Amino acid sequence: MFRITKEFHFSASHQLDHLPACHQCARLHGHNYIVVVELAAADLNADGFVRDYHELAALKDYIDGTFDHRHLNDVLDCPSTAEHMARHFYLWCKARWPEVAAVKVSETPKTWAEYRP
Ligand SMILES: Nc1nc2c(c(=O)[nH]1)N=C([C@H](O)[C@H](O)COP(=O)(O)OP(=O)(O)OP(=O)(O)O)CN2
Ligand SMILES: [Zn+2]
């Protein structure tokens, strides 16, 4: 099996307002997010790629246009946990690129959440 990954970055604010008020993440705050998309294939295409990294530019356009420097509570219809975000980006990618195997999202240098069905 061949696996490739590509990383995308954006900055956004959010507020996990379903959490108790005493939780630090119930307050308005922001993160420098990292999204890593993984694609897998048993065979390579005629170019020797799982898929051309360049094709994943569509995800950069989506992130830049919809998430970057936005308030995530205004963007998503679910709590903007890293887990929900990872699944959201996985489903967006899967609708375009069947080789997508997983998406990871980082909010801080020490945390990662992954969606891998
Ligand atoms: N499983 C999850 N837990 C938490 C999420 C999440 O999305 N999934 N999100 C948050 C906060 O939004 C934020 O990411 C804070 O995380 P935390 O690691 O607690 O941040 P700190 O930098 O303050 O942690 P340190 O322990 O000081 O490194 C919370 N939990
Ligand atoms: Zn947060």
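**Close-up views of the predicted model**

Across the protein of this predicted model, pLDDT averages 97, and 100% of the residues score at least 70. The model as a whole has a pTM of 0.96 and an ipTM of 0.94.

**View 1. Strand order in the open, mixed sheet.** Five strands make up the sheet, in the order β3-β1-β2-β4-β5. The edge positions are taken by β3 (70-71) and β5 (113-115); each has a single partner strand, so one side of each is left without a neighbour in the sheet. Strands of a sheet pair through backbone hydrogen bonds, in either the parallel or the antiparallel sense.

**View 2. Helices α1 and α2 packed on the sheet.** Helix α1, residues 57-66, touches β1 (2-14) and β2. The direction of α1 makes about 10° with that of β1. Helix α2, residues 82-94, touches β2, β4 and β5, and its direction makes about 145° with that of β4.

**View 3. Pairing of β1 with β2 and with β3.** Strands β1 and β2 run antiparallel and are joined by 13 bridges. Within this pairing, Ile4 has Leu39 of β2 as its bridge partner. The pairing of β1 with β3 is parallel and extends over 2 bridges; here Ser13 is partnered by His71 of β3.

**View 4. The antiparallel pairing of β2 with β4.** Strand β2 spans residues 29-41 and strand β4 spans residues 100-106, with 6 bridges between them. One bridge partnership links Val37 to Val103 in β4.

**View 5. Surroundings of Arg51, in the loop between β2 and α1.** Arg51 has 19 C-beta neighbours inside 10 Å and therefore counts as partly exposed; burial would require 20 or more. When neighbours within four places in sequence are left aside, the contacts of Arg51 are Leu39, Trp97 and Glu99. Leu39 lies 12 residues from Arg51 in sequence, and their C-alpha atoms are 7.9 Å apart. Leu39 is also the β2 residue that serves as bridge partner of Ile4.

**View 6. The residue shell around ligand 1.** Leu16, Cys25, Thr81, Ala82, Glu83, Glu107, Thr108, Lys110, Thr111 and Ala113 surround ligand 1. By class, this shell comprises 4 nonpolar, 3 polar and 3 charged residues. Among the surrounding residues are Ala82 and Glu83; helix α2 covers residues 82-94. Ala113 is also part of the shell, and edge strand β5 covers residues 113-115.

Terms used
Residues are numbered from 1 along each chain as its sequence is written. Chains are lettered from A and ligands numbered from 1 in the order in which they are written. This is a predicted model: local features need pLDDT of at least 70, side-chain atom pairs count only at pLDDT 80 or more; totals for chains, interfaces and linings use all residues. A residue is near a molecule or strand if its C-beta atom, placed from the backbone, lies within 6 Å of it. Ala, Val, Leu, Ile, Met, Phe, Trp, Tyr, Cys and Pro count as nonpolar, Asp, Glu, Lys and Arg as charged, and the others, Gly among them, as polar. Two strands pair if DSSP finds at least two bridges between them. Helices (H or I, at least four residues) and strands (E, at least two) are DSSP runs, numbered from the N terminus. Two residues are in contact if their C-beta atoms, placed from the backbone, lie within 7 Å. Axes are lines fitted to C-alpha atoms, for helices over the stretch in contact, and angles run from 0 to 180 degrees between N-to-C directions. pLDDT is the predictor's confidence in each residue, from 0 to 100. A residue is buried if 20 or more other C-beta atoms lie within 10 Å of its own, exposed if 12 or fewer, and partly exposed in between; C-beta atoms are placed from the backbone.
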